[in-house]
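What does a walk through a protein model show when it starts from the empty space inside and moves outward to single residues? The paragraphs below take that route.

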Amino acid sequence: MTSSVPSSGSQFLSLHLLETLVAVLPVRDENGAPKSIVYGGAERHMITSQARRRAERVHTRNRANAGVGALAGRGTGTRTREWALITARALTAEHGWEPEEAVRTARAVIEATGLKFGDPGKKTVANLTKVLLFAPSDAGARIAAHIGEQAGAVRAWAEAYTAAQAASAAAASAKKKAARKGAAAAQEEPPGADGAEGGAESGAAAEASAADAKLPALPAATRAAVLTALAPRDAIDIALYGRFLAEIADSPNVDGAVQSSHAFTVHEAEQVDDFYAAADDAKLDRKRNPKPAEKTNALDFLDAADDAGAGMTGYQSLITGTFYRHAVLDRLKLRRNLRAAGMSEEEAEEASVAAEAEFVTAFVDAFPEAKKNSTASTGSLPALVLAFEGERPYNYAAAFQNPIDENPVGGGGEGPAGPAAVKRLLKHHAFVSGRRPDIKSGRVLTYDPQIDELLGTLKDTAALAVTSAEELTA
């Protein structure tokens, strides 16, 4: 199998972006605090690549499913633990199965393929896989279609499988009880005593052998159907962002074509702990509409005391700053992934061009949705996007190793972080471009009129100014 980058382009498309965010909290750690790193001897706020990649992937999928953009109508993936429930819903809706049997059968089929499920004794997780599985969005419908076509054989197998599971679980439970009973007997009997203890050991051994009995194997045709449904196939976002599935050895992992870095502030971290007070509407209504004097009694002062103060108070941490982030698309890897998924060379080429255009759009437009309603963070637009091609990836984080000093230029600083970061980034790019002959097709895009004016004053940026995200890639 051969795949190559089009003669008009290099293997790697590098993207670099500067964006200024005010009073937001796109990601947080286990304590609810903003994430941070130390770089260049200064603490910086950080937005993880995982948060960015998910935002980009969901943005791409939603546009494709809505018939918008370069990938309109193409297959995409869903990452979830609910494949058994999704399959069961398709069995119920499309093939007339009873819901309880549908869930039980779907779980058995997927579990027998190699995926582990949650504790059967806990309803909330019993029918969820232990790991998130990134698979084509129609995988559940495909598995359900096979089960529906082979209903007789699959039903018979599923009944035998669940019966063997129940017997194995009962034997395991008996083994634990026998072990506890034997341990208790050993504590009561003097050293060297036998009889009850020996009986417990022999009983436990018999129960262990019963518990180790093998479950009936999934029919080969059904296993093949499940593996085919879960395979990456034509899901463009799996080819772009990759997937790792260790549980099923013969289901392919995908090394994604997109590499993403964590975003970080180009200056020292600036954080505010915002105190908030939430109003209780019912309490305020009582204050605005008190009882008439003739209807009060001696104990009403207790209700009045309860009506004092806010309904709820607390703190939330918010961050402000100009962030640098970077991603790179390996065009050759993307084409190889699509060819490995079953596309012809011509199909892979057409899909790769569309995927590249949509990836660039998502990189520019998508944003993590945490606290979007209270901070309007998803309305942010980048101050600058720089794109160029090369024979290897290029990360320009080193341009901001020394944090930007936002003091006025006359006072020894560089001024506001946004314009200062643009100057640094483009100066860094021009410098590197002069020493790396493979770098070409540099383009810059801004949504900030002040930055647009600034670009006109810079002597050498090694990049052509464009006015849309579509123009950032050839």
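The largest cavity holds about 50 Å³ of space. A cavity here is a set of points on a 1 Å grid over the protein atoms alone where a 1.4 Å probe fits but cannot get out, and lining residues have an atom within 4 Å of a point. Grid points are joined across faces, edges and corners, and a volume is the space filled by probe spheres set on the points. Rolling a probe the size of a water molecule over the atoms shows where empty space is left. This is a predicted model, in which local features need pLDDT of at least 70 and side-chain atom pairs count only at pLDDT 80 or more, while totals for chains, interfaces and linings use all residues. Residues are numbered from 1 along each chain as its sequence is written, and side-chain values use heavy atoms, with hydrogens and water left out.

The lining of the largest cavity consists of Arg-52, Glu-56, Ser-260, Ser-261, Ala-263, Arg-325, His-326, Ala-327 and Phe-363. Helix H1 (49-65) and strand E9 (312-330) are the elements that give two or more residues to this lining. Helices (H or I, at least four residues) and strands (E, at least two) are DSSP runs, numbered from the N terminus. The largest share, 3 residues, comes from E9. Sorted by class, the lining of the largest cavity has 3 nonpolar, 3 polar and 3 charged residues. In this sorting Ala, Val, Leu, Ile, Met, Phe, Trp, Tyr, Cys and Pro count as nonpolar, Asp, Glu, Lys and Arg as charged, and the others, Gly among them, as polar.

The count of cavities of 30 Å³ or more is 2. The second largest cavity has about 30 Å³ of space. Glu-19, Arg-325, Val-364, Asp-365, Ala-366, Phe-367, Ser-380, Leu-381 and Pro-382 line the second largest cavity. Arg-325 thus appears in the linings of both cavities. The second lining divides into 5 nonpolar, 1 polar and 3 charged residues.

Open space is treated separately. A pocket is an open set of grid points with protein on both sides within 12 Å along at least five of seven lines. The largest pocket has a volume of about 520 Å³. Among its 15 lining residues, Arg-107, Glu-111, Pro-120, Gln-165 and Ala-169 are the closest to the centre. Helix H3 (99-113) and helix H5 (151-188) each supply at least two residues of this lining, and H5 gives the most, with 7 residues. The lining of the largest pocket comprises 6 nonpolar, 5 polar and 4 charged residues.

Helix H5 also contains Glu-159. Is Glu-159 buried or exposed? Glu-159 has a relative accessible area of 54%, so it is exposed. Buried means under 20% relative accessible area, exposed over 50%, and partly exposed in between (1.4 Å probe, protein chains only). The C-alpha atom of Glu-159 is 9.4 Å from that of Arg-104, which is 55 residues away along the chain.

Two buried residues show side chains that reach backbone oxygens. Ser-352, in helix H12 (residues 345-365), is buried because its relative accessibility is 0%. The side chain of Ser-352 reaches the backbone oxygen of Ala-348 at 2.7 Å. Leaving aside residues up to four places away in sequence, Ser-352 touches Leu-334, Arg-335 and Leu-338, where contact means heavy atoms within 4.5 Å. Asn-337 sits in helix H11 (residues 331-340) and counts as buried because its relative accessibility is 14%. The side chain of Asn-337 reaches the backbone oxygen of Asp-255 at 3.1 Å. With the same sequence neighbours left out, Asn-337 touches Ala-239, Val-254, Asp-255, Gly-256 and Ala-257.

Backbone angles come next. Most residues other than glycine have a negative phi. Lys-371, in the loop between H12 and helix H13 (372-375), has a positive phi near 55 degrees. Lys-371 is partly exposed because its relative accessible area is 23%. Ser-441, in strand E11 (residues 440-445), has a positive phi near 55 degrees. At 31% relative accessibility, Ser-441 counts as partly exposed.

Over the whole protein there are 15 helices and 12 strands. Buried residues make up 43% of the 474 residues. Of the contacts with a separation of 6 or more, 76% join residues 24 or more positions apart.

Terms used: Polar contact = N/O pair within 3.5 Å; in protein donor to acceptor, adjacent residues only side chain to side chain.
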